[in-house]
Amino acid sequence: MTSDLPLVIVTRQLPQAIIDKLSAVATLNIWEEDRAIPQDTLLAWVPGCHAIYSLLTDPIDSSVLDAAGANLKVVSQMAVGVDNIDVAACTARGIPVGHTPNALTDTTADLAVALMLAVGRRIAAAAQFVKVGKWDTWRPMELTGKDLYGSTVGIIGFGRIGKAVAQRVRGFDCHILYNHPRSDPDAAQYAAAYVNLDTLLKSSDFISLHTPLTEETRHMIGAEELAMMKSDAIIVNTARGAIVDQAALVKALQEGKIGGAGLDVTDPEPISVDDPLLKLDNVIVVPHIGSASVTTRMRIAHMAADNLIAGLHGERLPNVYNPEVYSD
Ligand code: NAP
Ligand code: GLV
């Protein structure tokens, strides 16, 4: 029996509450396997669909949009970053792209600060030290690290998450520098000083990345930028892996040019278990868990469903990345 309901492609199994919400208004084609949907499967599934519920692991490029055809009314992503989506191609076709700003800001900022502390205070190495039975006594300089409190924190990308990180590290009495396409009128409330990128790189003890991944920000932290950092600087990336030239980062870490790295995102994802980064004691890599609290992941899953349903109904998405698709 064919259904009159619109067809929605859902690229991964989602919590039941989200499936229930979507299936009340649409027929769902859900990729049930516990891995990203293969691109050829996505291309085979999308013809005639009305909406795509995507994850950041799914390249939604013009081949997908072309295969979907004229019925496609909305692409809704369960993430704030949309670098996996060809937004320009969506806009050219009049397709709104939904995303999930604000809802994950605090959870992601918490993780950025957790990584600063974890790398600075050598938490992973210290926990391992105990697990392997090396804790035989207390030694004056054993497992000593670097203080976050009172340090200079450089924030690159002073948007929602960048500001939330600034708010947090103020509580650690940090000096806050930020780099952004322009100085921000809100900066005073965070006691954050606008500086150019070179000054930020040269002056910061901790550097935290919060830009989107764009053609401009791809590899914005490369060998030259790493060479400007203090020899004990710690870089934290909770934005996108490709903002950092990872080969250059490995080299800088191996040669002791910087102090350490805390990475929630890598290039590529997942990182290979054989990657040299994972051999370094002063590096912590976690698997893209920036927004991974139960509350936040549920919230953004609902937001993406709400965006998608609005798009199916021809309404303005509550959170649209490309508002230029609307003429008003
Ligand atoms: P946002 O509010 O848009 O902030 C990003 C800021 O970066 C924008 O204000 C932007 O300025 C600025 N920017 C752009 N290019 C820059 C450059 N070359 N140099 C310095 N600043 C630049 O976004 P957000 O909500 O904070 O999220 C930021 C990114 O974090 C997302 O795009 C996503 O990739 C990542 N993220 C990761 C996780 C995770 O799980 N690890 C979770 C959430 C988000 P303009 O306003 O001028 O564009
Ligand atoms: C996660 O990485 C997001 O962009 O929401």
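How far does a polar side-chain atom of Arg240 lie from an oxygen atom of ligand 2? In this predicted model, the separation is 2.7 Å. That contact is a handy place to start a tour of the two ligand sites, after which the helix packing and a few backbone details follow.

Arg240 belongs to a group of residues around ligand 2 that also holds Leu56, Ala79, Val80, Gly81, Leu104 and His288. Sorted by class, this shell comprises 4 nonpolar, 2 polar and 1 charged residues. Besides the Arg240 pair, two further polar contacts can be described. From the side chain of His288, an N or O atom is 2.6 Å from an oxygen atom of ligand 2. Gly81 takes part through its backbone instead, with a polar atom there placed 2.8 Å from an oxygen atom of the ligand. On its own, ligand 2 has 190 Å² of accessible area, and the protein covers 88% of that.

His288 also links the description to the other ligand. An N or O atom in the His288 side chain is 3.4 Å from an oxygen atom of ligand 1, so to speak a second appearance for a residue already listed around ligand 2. Around ligand 1 there are 26 residues, of which Arg160, Ile161, His180, Arg182 and Asp264 come nearest. Two of these can be followed down to individual atoms. Arg160 uses its backbone, where an N or O atom lies 2.9 Å from an oxygen atom of ligand 1. Asp264 uses its side chain, placing a polar atom 2.7 Å from a nitrogen atom of ligand 1. Of the 930 Å² of accessible area that ligand 1 has on its own, the protein covers 83%. The shell around ligand 1 consists of 13 polar, 8 nonpolar and 5 charged residues.

Attention now turns to the helices. Helix 1, spanning residues 16-23, packs with helix 11, spanning residues 294-312, at an angle of about 10° and with the two axes 10 Å apart. Because of that angle, helix 1 counts as roughly parallel to helix 11. On the helix 1 side, the contact is made by Ala17, Ile18, Lys21 and Leu22. Their counterparts in helix 11 are Met298, Ala301, His302, Ala305, Asp306, Leu308 and Ile309. By class, the residues of this contact are 8 nonpolar, 1 polar and 2 charged.

Finally, some backbone geometry deserves a look. Most peptide bonds are trans, and most residues other than glycine have a negative phi. Against that background, the peptide bond from Asp267 to Pro268 is cis, with omega near 5°. The bond from Glu269 to Pro270 is likewise cis, its omega being near -5°. Pro268 sits in the loop between strand 11 (260-263) and strand 12 (283-285), and Pro270 is found in the loop between strand 11 and strand 12 as well. Ala191 offers another point of interest: although not a glycine, this residue has a positive phi of about 55°. Its place is in the loop between strand 7 (175-179) and strand 8 (192-194).

Technical notes
Residues numbered from 1 in each chain as written. Chains lettered and ligands numbered in written order. Predicted model: local features only at pLDDT ≥ 70, side-chain atom pairs only at ≥ 80, totals over all residues. Heavy atoms only, no water. Near = heavy atom within 4 Å. Polar contact = N/O pair within 3.5 Å; in protein donor to acceptor, adjacent residues only side chain to side chain. Areas by Shrake-Rupley, 256 points an atom, 1.4 Å probe, with all protein chains shown as cover. Nonpolar A, V, L, I, M, F, W, Y, C, P; charged D, E, K, R; others polar. Axes fitted to C-alpha atoms, helices over the stretch in contact; angles between N-to-C directions. Helix = DSSP H or I, 4+ residues; strand = E, 2+ residues; numbered from the N terminus. Parallel < 35°, antiparallel > 145°, perpendicular 65-115°, else oblique. Contact = heavy atoms within 4.5 Å.
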